[in-house]
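Colleague: I am new to this structure and would like a close look at a single part of it, namely the salt bridges. Please set them within the chain as a whole before going through them one by one.

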Amino acid sequence: MKKIVIILFLLVWKSVPAQSLDEYLKIAEKDNPKLKAEYLEFEASLQKINMVRSLPDPNLTVSAFGQMIETRLGPQRAIFILNQMFPWFGTLSSQGDVMTLASEAKFQSWLNERNILFLDVKSAWYEIYELDQIIKYQHENRELLESFKLLAVSKFRSGSGSMVDVIRTDIMLEDVLTDIKILEEKRKPVLARFNTLLNRDRYANVLINDTLVADLKDLSPSNDIQFDQNPMITEIDRKMELWQKQSMLVKKQGMPKLGLGLNYTIIGKRTDMDVADNGKDAIMPMVSFSLPI
């Protein structure tokens, strides 16, 4: 029964298709928590672009009089003051440019973080592949040595061989078995590191194709190193532009701000006498300036 269970397990394991490196890279890009955090920061910076390009919220002030203040037209009951501030010319567009450059820098930072993640995933993946191949070859050596041992034992029994050949084969077989155990133990931390990068169970199985096909295009030498495609270089360029825009923005933010408002006063009717425009509400436009002292 135990043998049947083992055979069924091996058949099921062999039926699971091996995943390519590209598939593992897609999983890492989707599920790696650090990379997801970088992308969420980029999306948050995008949301701020429209916010900084918009006017500040208007201010509404409501005043109600506990004790009425008498005027010629009647007692003042309440005052509503609505005021909107306008920054200096070009300030809003400059704020939008600064935030846009900050978002682009965040995106380049995400690209750079993704490249680092892909490099770590590929390094661990190829290391697992190398260990699997060495373990595979060691198992083949073990099978050969076991065959040699049977042959040496047969020759010794028939008198055509010596016991030294049997002992030598046993020693070589023990060395191979020890190497296999060492390689399997060495594979465990690499497997854990690989699965951690993919944000999944540390001991999840990794199936790799037995044969790798090299892309000769990537191996062709080239003297043209395109630094402009490096996300880290592009991020630095965007930050330099950002600092220049910020210096211009600071100057504009130090200029006066214009405020336009409206004062609406509710006035009650006088009962002691009849006057023209009795109880007529008062409307008063207002203009204000900030004083950058």
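Modeller: The chain exposes about 20,700 Å², and carbon and sulfur atoms supply 61% of that area. Please keep in mind throughout that this is a predicted model. Of the 293 residues in the chain, 27% are buried. The secondary structure comes to 7 helices and 4 strands, and along the sequence these follow the pattern α-α-α-β-β-α-α-α-α-β-β. Where contacts in the chain join residues at least 6 apart in sequence, 76% of them are between residues at least 24 apart.

Now to the part you asked about: the structure holds 13 salt bridges, and I will take some of them in turn.

One of them is formed by Glu41 and Lys106, whose closest N and O atoms are 3.0 Å apart. This pair links distant parts of the chain, since Glu41 belongs to helix H3 and Lys106 to helix H4 (residues 91-158), with their positions 65 residues apart in the count. Glu41 has a relative accessible area of 40% and is therefore partly exposed, and Lys106, with a relative accessible area of 33%, is likewise classed as partly exposed.

Helix H4 takes part in another salt bridge through Lys149, whose side chain meets that of Asp170 at 2.9 Å, N to O. Here too the pair links distant parts of the chain, with Asp170 in helix H5 (residues 163-197), Lys149 in helix H4, and the two 21 residues apart. Asp170 counts as partly exposed because its relative accessibility is 28%, a value that lies between the limits of 20% and 50% that bound this class. Lys149 is partly exposed as well, with a relative accessible area of 29%.

A further salt bridge lies within helix H7 (residues 231-253), where Lys239 and Glu235 are 4 residues apart and so are separated by about one helical turn. The closest N and O atoms of Lys239 and Glu235 are 3.3 Å apart. The two ends of this bridge fall into separate classes: Lys239 counts as partly exposed at 33% relative accessibility, whereas Glu235, at 13%, counts as buried, because buried means under 20% relative accessible area. Besides these pairs, Glu104, Arg238 and Glu241 are joined into one network by salt bridges that share partners.

Beyond the salt bridges, two other places help to complete the picture. The loop between helix H2 (21-31) and helix H3 (33-52) contains Asn32, which is buried, with a relative accessible area of 8%. The side chain of Asn32 reaches the backbone oxygen of Leu197 at 2.9 Å. Leaving aside residues up to four places away in sequence, Asn32 touches Ile27, Leu117, Leu197 and Asn199.

The other place is formed by strand E3 (residues 258-267) and strand E4, which pair in the antiparallel sense over 8 bridges. Within this pairing, Ala282 in E4 is the bridge partner of Thr265. Strand E4 (residues 282-289) is hardly covered, for the count of buried residues among its 8 residues is 0. As background to reading such a pairing, the side chains in a regular strand alternate between the two faces of the sheet.

How values were computed:
Residues numbered from 1 in each chain as written. Predicted model: local features only at pLDDT ≥ 70, side-chain atom pairs only at ≥ 80, totals over all residues. Heavy atoms only, no water. Buried < 20%, exposed > 50% of the residue type's maximum accessible area, 1.4 Å probe, protein only. Polar contact = N/O pair within 3.5 Å; in protein donor to acceptor, adjacent residues only side chain to side chain. Contact = heavy atoms within 4.5 Å. Areas by Shrake-Rupley, 256 points an atom, 1.4 Å probe, with all protein chains shown as cover. Pairing = 2+ DSSP bridges. Salt bridge = Lys/Arg side-chain N within 4 Å of Asp/Glu carboxyl O.
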